[in-house]
Amino acid sequence: MPILETAEGVVIGQSLAIANFMGRKGDMFGSGDADFAKSQMCFAEGEDIYALLLGAGLQRWQSAEARGAKAADQAELFAELLPAHVAYLEALCSAGGGFTSTGATCGELYLVGMLLQVTLAAPAGGAILDAHPKLKAWFTTTMARPAVKSVLEGKSAIGKMDVYFVTDKEFATIKAAA
(Lines give C-alpha, C1' and ligand atoms only; values in the text may rest on other atoms or scores of the structure.)
Protein backbone atom coordinates (compact mmCIF):
# COMPACT_ATOMS: atom_id res chain seq x y z
CA MET A 1 0.00 0.00 0.00
CA PRO A 2 1.41 3.42 -0.89
CA ILE A 3 2.05 5.72 2.06
CA LEU A 4 2.60 9.47 2.23
CA GLU A 5 3.88 11.12 5.38
CA THR A 6 3.21 14.85 5.28
CA ALA A 7 5.39 17.63 6.68
CA GLU A 8 2.81 17.91 9.47
CA GLY A 9 3.39 14.26 10.42
CA VAL A 10 0.10 12.96 9.01
CA VAL A 11 0.37 9.49 7.47
CA ILE A 12 -1.93 8.91 4.50
CA GLY A 13 -2.37 5.51 2.92
CA GLN A 14 -3.96 4.48 -0.39
CA SER A 15 -3.41 5.96 -3.82
CA LEU A 16 -6.68 7.88 -4.10
CA ALA A 17 -6.37 9.47 -0.66
CA ILE A 18 -2.80 10.53 -1.46
CA ALA A 19 -3.79 11.89 -4.88
CA ASN A 20 -6.73 13.81 -3.41
CA PHE A 21 -4.52 15.21 -0.64
CA MET A 22 -1.93 16.35 -3.17
CA GLY A 23 -4.68 17.72 -5.41
CA ARG A 24 -6.06 19.79 -2.57
CA LYS A 25 -2.60 21.06 -1.62
CA GLY A 26 -1.90 21.93 -5.26
CA ASP A 27 -5.34 23.42 -5.96
CA MET A 28 -5.91 20.81 -8.68
CA PHE A 29 -9.65 20.22 -8.44
CA GLY A 30 -10.60 22.57 -11.27
CA SER A 31 -12.56 25.76 -11.23
CA GLY A 32 -15.80 24.81 -9.48
CA ASP A 33 -18.14 22.08 -8.37
CA ALA A 34 -18.59 20.60 -11.86
CA ASP A 35 -14.82 20.30 -12.32
CA PHE A 36 -14.49 18.73 -8.87
CA ALA A 37 -17.16 16.15 -9.72
CA LYS A 38 -15.55 15.38 -13.08
CA SER A 39 -12.15 15.05 -11.42
CA GLN A 40 -13.63 12.51 -9.01
CA MET A 41 -15.24 10.73 -11.98
CA CYS A 42 -11.79 10.42 -13.55
CA PHE A 43 -10.46 8.91 -10.32
CA ALA A 44 -13.30 6.37 -10.33
CA GLU A 45 -12.71 5.45 -13.97
CA GLY A 46 -8.99 5.11 -13.27
CA GLU A 47 -9.80 2.69 -10.46
CA ASP A 48 -12.16 0.73 -12.74
CA ILE A 49 -9.37 0.36 -15.30
CA TYR A 50 -6.89 -0.58 -12.59
CA ALA A 51 -9.24 -3.32 -11.35
CA LEU A 52 -9.57 -4.69 -14.89
CA LEU A 53 -5.79 -4.80 -15.33
CA LEU A 54 -5.41 -6.53 -11.96
CA GLY A 55 -8.08 -9.07 -12.84
CA ALA A 56 -6.22 -9.96 -16.02
CA GLY A 57 -3.07 -10.79 -14.05
CA LEU A 58 -0.75 -8.43 -15.93
CA GLN A 59 1.24 -7.32 -12.87
CA ARG A 60 4.97 -7.50 -13.48
CA TRP A 61 5.46 -9.64 -10.37
CA GLN A 62 3.01 -12.38 -11.45
CA SER A 63 4.55 -15.76 -12.24
CA ALA A 64 4.47 -17.08 -15.80
CA GLU A 65 2.03 -19.76 -14.65
CA ALA A 66 -0.34 -17.24 -13.09
CA ARG A 67 -0.20 -15.07 -16.20
CA GLY A 68 -0.86 -18.07 -18.42
CA ALA A 69 -3.89 -19.03 -16.35
CA LYS A 70 -5.33 -15.59 -17.09
CA ALA A 71 -4.91 -15.76 -20.89
CA ALA A 72 -8.68 -15.80 -21.54
CA ASP A 73 -9.17 -12.85 -19.16
CA GLN A 74 -6.42 -10.93 -20.95
CA ALA A 75 -7.97 -11.61 -24.35
CA GLU A 76 -11.36 -10.36 -23.12
CA LEU A 77 -9.74 -7.34 -21.49
CA PHE A 78 -8.08 -6.12 -24.69
CA ALA A 79 -10.79 -7.21 -27.13
CA GLU A 80 -13.88 -6.05 -25.23
CA LEU A 81 -13.54 -4.49 -21.77
CA LEU A 82 -10.86 -1.83 -22.28
CA PRO A 83 -12.14 -0.77 -25.72
CA ALA A 84 -15.55 -0.14 -24.12
CA HIS A 85 -14.02 1.96 -21.33
CA VAL A 86 -11.91 3.91 -23.81
CA ALA A 87 -15.02 4.58 -25.94
CA TYR A 88 -16.90 5.86 -22.86
CA LEU A 89 -13.99 8.16 -22.07
CA GLU A 90 -13.93 9.45 -25.64
CA ALA A 91 -17.62 10.38 -25.32
CA LEU A 92 -16.93 12.29 -22.09
CA CYS A 93 -13.74 14.02 -23.23
CA SER A 94 -14.15 17.54 -24.56
CA ALA A 95 -12.83 18.52 -27.95
CA GLY A 96 -10.85 21.25 -26.18
CA GLY A 97 -8.80 18.73 -24.26
CA GLY A 98 -9.80 16.87 -21.18
CA PHE A 99 -12.72 16.31 -18.92
CA THR A 100 -12.64 19.58 -16.96
CA SER A 101 -12.07 23.25 -17.71
CA THR A 102 -8.34 22.85 -16.98
CA GLY A 103 -7.77 19.39 -18.47
CA ALA A 104 -5.31 18.72 -15.64
CA THR A 105 -7.12 18.10 -12.38
CA CYS A 106 -5.70 15.55 -9.99
CA GLY A 107 -8.34 13.06 -11.15
CA GLU A 108 -7.37 13.57 -14.77
CA LEU A 109 -3.70 13.06 -13.92
CA TYR A 110 -4.60 9.85 -12.07
CA LEU A 111 -6.58 8.67 -15.10
CA VAL A 112 -3.74 9.47 -17.50
CA GLY A 113 -1.49 7.31 -15.32
CA MET A 114 -3.88 4.39 -15.65
CA LEU A 115 -4.19 4.94 -19.40
CA LEU A 116 -0.41 4.95 -19.62
CA GLN A 117 -0.42 1.56 -17.93
CA VAL A 118 -3.00 0.38 -20.50
CA THR A 119 -0.85 1.55 -23.43
CA LEU A 120 2.17 -0.20 -21.94
CA ALA A 121 0.35 -3.47 -21.25
CA ALA A 122 -1.85 -3.65 -24.36
CA PRO A 123 -0.58 -5.90 -27.15
CA ALA A 124 -1.37 -3.04 -29.57
CA GLY A 125 0.36 -0.50 -27.30
CA GLY A 126 -0.80 3.09 -27.70
CA ALA A 127 -2.86 2.12 -30.74
CA ILE A 128 -5.67 1.29 -28.32
CA LEU A 129 -6.32 5.07 -28.27
CA ASP A 130 -6.10 5.62 -32.05
CA ALA A 131 -9.85 5.39 -32.77
CA HIS A 132 -10.56 7.99 -30.07
CA PRO A 133 -9.13 11.32 -31.25
CA LYS A 134 -10.30 13.54 -28.37
CA LEU A 135 -9.03 11.14 -25.71
CA LYS A 136 -5.77 10.52 -27.57
CA ALA A 137 -5.16 14.28 -27.99
CA TRP A 138 -5.79 14.89 -24.26
CA PHE A 139 -3.58 11.93 -23.31
CA THR A 140 -0.76 13.10 -25.60
CA THR A 141 -1.00 16.70 -24.36
CA THR A 142 -1.02 15.59 -20.73
CA MET A 143 1.93 13.26 -21.22
CA ALA A 144 3.88 16.18 -22.74
CA ARG A 145 3.35 18.46 -19.72
CA PRO A 146 6.73 19.29 -18.15
CA ALA A 147 5.69 18.09 -14.67
CA VAL A 148 4.39 14.77 -16.06
CA LYS A 149 7.55 14.28 -18.13
CA SER A 150 9.65 15.00 -15.05
CA VAL A 151 7.88 12.24 -13.10
CA LEU A 152 8.10 9.75 -15.96
CA GLU A 153 11.80 10.49 -16.50
CA GLY A 154 12.55 9.96 -12.80
CA LYS A 155 13.52 13.60 -12.30
CA SER A 156 10.85 14.50 -9.75
CA ALA A 157 11.09 14.25 -5.97
CA ILE A 158 9.38 10.85 -6.28
CA GLY A 159 12.31 9.39 -8.20
CA LYS A 160 12.10 6.71 -10.86
CA MET A 161 8.81 4.89 -11.21
CA ASP A 162 8.58 1.47 -12.85
CA VAL A 163 5.59 0.24 -14.78
CA TYR A 164 3.23 -2.00 -12.87
CA PHE A 165 1.49 -3.86 -15.70
CA VAL A 166 3.47 -5.34 -18.59
CA THR A 167 2.92 -7.33 -21.76
CA ASP A 168 3.93 -10.98 -21.86
CA LYS A 169 6.94 -10.06 -24.02
CA GLU A 170 8.15 -7.49 -21.47
CA PHE A 171 7.45 -9.97 -18.67
CA ALA A 172 9.75 -12.50 -20.34
CA THR A 173 12.46 -9.84 -20.71
CA ILE A 174 12.17 -8.83 -17.04
CA LYS A 175 12.35 -12.46 -15.88
CA ALA A 176 15.32 -13.21 -18.14
CA ALA A 177 17.21 -10.23 -16.72
CA ALA A 178 16.50 -11.23 -13.10
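Which residue forms a salt bridge with Asp73? Keep that question in mind while you open the model, which is a predicted one, and select Asp73 as the starting point of the tour.

**Stop 1: the salt bridges**

With Asp73 selected, add Lys70, because these two residues form a salt bridge in which the closest N and O atoms are 3.7 Å apart, and a salt bridge is counted when such atoms lie within 4 Å. Colour the pair by accessibility and you will find that Asp73 is partly exposed at 33% relative accessibility, while Lys70 is likewise partly exposed, with a relative accessible area of 29%.

The model holds four salt bridges by this rule, and two others are worth a visit here. Select Glu8 together with Lys25, whose closest N and O atoms are 3.7 Å apart in a salt bridge. Glu8 sits in the loop between β1 (3–5) and β2 (11–13), whereas Lys25 belongs to helix α1 (residues 15–25), so this pair ties together parts that are 17 residues apart in sequence. Glu8 counts as exposed at 56% relative accessibility, and Lys25 counts as exposed with a value of 56%.

Move next to Lys136 and Asp130, where the side chains meet in a salt bridge with an N to O distance of 2.5 Å. Lys136 is partly exposed, its relative accessible area being 33%, and Asp130 is also partly exposed, at 44%.

**Stop 2: Glu108, a charge without a partner**

Now select Glu108, which is found in helix α5 (residues 106–121). Is this residue buried or exposed? Glu108 is buried, and yet it has no salt bridge, since the nearest side chain of opposite charge, that of Arg145, is 7.4 Å away, whereas a salt bridge requires a distance within 4 Å. If you draw a line from the side chain of Glu108 to the backbone nitrogen of Thr105, the viewer should show a separation of 2.8 Å.

To see what surrounds Glu108, display its contacts while leaving aside the neighbours within four places in sequence: these contacts are Cys42, Gly98, Phe99, Thr100, Thr102, Gly103 and Trp138.

**Stop 3: Leu109, the next residue of α5**

Stay in helix α5 and select Leu109, which counts as partly exposed at 26% relative accessibility. Apart from neighbours within four places in sequence, Leu109 is in contact with Met28, Ala104, Thr142 and Val148. Of these, Met28 merits a distance label, as the C-alpha atoms of Leu109 and Met28 are separated by 9.6 Å although the two residues are 81 residues apart along the chain.

**Stop 4: Glu47 in α2**

Glu47 lies in helix α2 and is partly exposed, with a relative accessibility of 28%. Which residues does Glu47 touch, not counting those up to four places away in sequence? They are Leu16 and Tyr110. Label also the C-alpha atoms of Glu47 and Leu111, which lie 8.2 Å apart in space while the residues are 64 residues apart in sequence.

**Stop 5: two positive phi angles**

Most residues other than glycine have a negative phi. With that in view, select Gln14, whose phi is near 85° and therefore positive in a residue other than glycine, and which is partly exposed with a relative accessible area of 46%. Gln14 lies in the loop between β2 and α1.

Then select Asp27, in the loop between α1 and α2 (33–55), where phi is near 55°, again a positive value in a residue other than glycine. Asp27 is exposed, with a relative accessible area of 66%.

**Stop 6: a nonpolar patch on the surface**

Finish by switching to a surface view and selecting Leu54, Trp61 and Tyr164, which form a nonpolar patch on the surface with about 290 Å² of accessible area together. Where is Tyr164 placed? Tyr164 is in the loop between α7 (146–152) and α8 (168–177), and at 30% relative accessibility Tyr164 counts as partly exposed.

Note on methods:
Residues are numbered from 1 along each chain as its sequence is written. This is a predicted model: local features need pLDDT of at least 70, side-chain atom pairs count only at pLDDT 80 or more; totals for chains, interfaces and linings use all residues. Side-chain values use heavy atoms; hydrogens and water are left out. Helices (H or I, at least four residues) and strands (E, at least two) are DSSP runs, numbered from the N terminus. Buried means under 20% relative accessible area, exposed over 50%, partly exposed in between (1.4 Å probe, protein chains only). Lys and Arg count as positive and Asp and Glu as negative; His and the chain ends are not counted. A polar contact is a pair of N or O atoms within 3.5 Å; within protein, one must be able to donate a hydrogen and the other to accept it, and residues adjacent in sequence count only if both atoms are side-chain atoms. Contact means heavy atoms within 4.5 Å. Patches are made of residues with over 30% relative accessible area and no salt bridge: like charges are joined within 9 Å, nonpolar side chains (Val, Leu, Ile, Met, Phe, Trp, Tyr) within 5 Å. Accessible areas come from the Shrake-Rupley method with a 1.4 Å probe; for residues, only the protein chains shown count as cover.
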